[in-house]
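Here's a quick briefing to read with the model open beside you. Grab your viewer and follow along, topic by topic.

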Amino acid sequence: MQRSRDRMERKNMDEQNECQRKLRVCVATCNRADYSKLAPIMCGIKSHPDEFELEVVVLGSHLIDDYGSTIRMIEQDDFDISSKLHTIVRGEDEAAMVESVGLALVKLPDVLQRLRPDILVVHGDRFDALALATAAALMNIRILHLEGGEVSGTIDDSIRHAISKLAHYHACCTRTAEQHLIAMCEDHSRILLAGCPSYDKLLSTSRREDYMDVIKSWLGDNVQDHDYIVALQHPVTTDIQHSIKIYGLMLDALISFNKKTLILFPNIDAGSKGMVRVMRKKGIEKHPNFRAVKHIPFEQFIQLVCHAGCMIGNSSCGVREAGAFGTPVINLGSRQTGRETGENVLHVRDADSQNKIYHALELQFGKRYPCSKVYGDGNSVSRILKFLRTINLDEPLQKTFCFPPVKESISQDIDHILETQTALAVDLGGTNLRVAIVCQKGKILKKYVQPNPKTFQARMKLLLKLCADATRDAVGLNCRLLGVGVSTGGRVNPQEGVVLHSTKLIQEWSSVDLRTPISDALHLPVWVDNDGNCAALAEKKFGQGKGVENFVTVITGTGIGGGIIHQNELVHGSTFCAAELGHIVVSLDGPECSCGSRGCVEAFASSMALQREAKRLHDEEQLKVEGRDLKLAEPITALHLFSAAKQGNSKAEAVLNKASTALGMGIVNILHMMNPSMVILSGILASYYQAPVQNIILEKALVSAQNIKVVVSHLEEPALLGAASMVLDYATRRIY
């Protein structure tokens, strides 16, 4: 019994010791910027020695003279440094950054194995931090990531999000960043909305009485409060040459602006040496208005930013910390794109001229804005320490993700999948507006037809209504809509989904963005193209062009249009007017065309042209059908011309021969330029033109092109099927 009691007492003591064990926290700092965020946390941990054991690892640019040997400020802050790692491979280019990550990964395992921390605190989005997070994750060490979930605009985004995926816990700064982390499937219970730790220090020390002493120590005795500029610009590693150009333009603008300027050297990223060369070439270090420095202690830097007339560059300090003081900021370039900012920030994203930057300086310098607390309220450290106390080291180390629920597939039958994957096709014709649900096999499951309104507003309203009706009906038909394809007349930029110039048949239809309103309303991807191109795509997927590598489709209808498929791809041309087949000139003194030119194929062979000739013959009383005068009969159309020719009317026959010859010559020109293996005629006049066009090819084409076949399309709805094929091919990742 005594031995049993002894065992119980020892077990209780062990449990008490385990409960009282300090949490061993390793804080790793890589550069002057992350130290300003980590130092307040380190102070907080150090002030609770009964709960935490602090280990400090210093690496990266802290240990390099060219960047201020900022390890000294860590030592001056009285932190015991557990390990110093030289991890930077000099070169300041992309390869050097990669090599630096590799060197850090070689050195970190020994350090982490010796220190054996319970949790590693990593900040931000630097390449050194990525190496830290990678090493810790692979060595089964818990990671707390600071400032995850934020968005900027460079490679930093990718690094930041990669670290977030490796981290077990997150302390973020803003509500938006928190939502981003949740959207990235991070566990909500492991995300702390803490605010930025640097705000704890800057809000408490920014209004020191000796601020003028600090300002004068860096800028001289003659400088006044709010009458100087702080400049800090870093390279953008995804566009180094452009960022160096912006840096030079900024320096030129600052020289012209003629105000005292404190300029800090850029960070160690690829491109920094190029920026320093630009600085020295312009004589900034010797210029009387400039003071160029490699490092400023954070407490003094706060004073300088707080009382500056303006801050310029692309440092995160400008969009984050400066807002706490209401200091005017000019943010240059793309490095901070997507960052949340206060109203004190003026963005010059396309900083392509000295004048633009100079004008921004004129607008911002000397202003004061309301203080912003977007990134913190000064209580971040206390929240983070409280969060650290709640970490249960007995919880499984394996990280889990909170993926949204995924509906299980109803069927794995391939026929079912092919039938239910559908496209919403839209044909914007001159007369009617048509919408259809089209399946993978080219079958139209349901079609909606309405007269096309004359005004832009009414047309868009009807279009969106029909699309919404079709979307609702698709659910009842057990169809999954992959997207929306739109076929329209005129010249179209398919990359942007914009109608550049319309035909005369569709009024108010130029410079129209079709993609955005349809996509916004239906929440589906949208493709837009010219109706002739859509007809070619329809033939490629469902018609005579199936399996044919090179062919031309010619639409014979109200106008003459078409599309060219070359090596299995649709030809758009540099300004999206390729395959305007109706506007090939075949006669210098021919009739006037709708495009404003004369002698185009369309002016001879379209149904509008034939109708015009039929009316002319009728007015001259030379058009007879079945022996009766049509002067008082129904409206004259091209059909009357065909009927008269069939009855032996020589005038009608002459008009049709000229039209056939014009179309045939246009197609011969296409054969000589593109050398397709097939010509597909589509539209209401296709069957009539097939034989005459084939004969013209035999008579006029080069010998090598005379055997190219002219066939008639069997598709009843080429525009709708072509619009659908854009969706079905793109959405299923095929190339057309």
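C595 is partly exposed in this predicted model, with a relative accessible area of 42%. The residue lies in the loop between strand 24 and helix 20, and UniProt has something to say about it too.

**The annotated site**
- An unreviewed UniProt entry puts the annotation "binding site" on H583, C593, C595 and C600.
- These four are spread over 18 residues of sequence yet cluster in space, with a largest C-alpha distance of 8.8 Å.
- Not counting residues up to four places away in sequence, C595 touches H583 and C600.
- H583 sits in the loop between strand 24 (569–570) and helix 20 (601–605), and is partly exposed at 27% relative accessible area.
- Skipping neighbours within four places in sequence, H583 makes contact with C593, S594, C595, C600 and E602.

**The nonpolar cores**
- The largest nonpolar core has 62 residues, and M250, I263, I312, L332 and L361 touch the most other members.
- Helix 10 (residues 240–257) chips in the most, with ten residues.
- Domain 1 (19–196) and domain 2 (202–364) both give residues to this core, so it lies between them.
- Beyond its neighbours within four places in sequence, L361 is in contact with I229, A253, L254, F257, C310, I312 and I330.
- Apart from the largest core lies another, of 40 residues, including I584, V655, L656 and V679.

**A buried serine**
- S725 belongs to helix 25 (residues 718–731).
- Its relative accessibility is just 1%, so S725 counts as buried.
- Leaving out residues up to four places away in sequence, S725 touches L537, A538, K541, F542 and Y730.

Terms used. Residues are numbered from 1 along each chain as its sequence is written. This is a predicted model: local features need pLDDT of at least 70, side-chain atom pairs count only at pLDDT 80 or more; totals for chains, interfaces and linings use all residues. Side-chain values use heavy atoms; hydrogens and water are left out. A nonpolar core is a set of buried Ala, Val, Leu, Ile, Met, Phe, Trp, Tyr and Cys residues joined through side-chain atoms within 4.5 Å. Buried means under 20% relative accessible area, exposed over 50%, partly exposed in between (1.4 Å probe, protein chains only). Helices (H or I, at least four residues) and strands (E, at least two) are DSSP runs, numbered from the N terminus. Domain bounds come from an automatic or database domain assignment. Contact means heavy atoms within 4.5 Å. UniProt positions are given in the numbering used here, feature names are shortened, and annotations may be inferred rather than shown by experiment.
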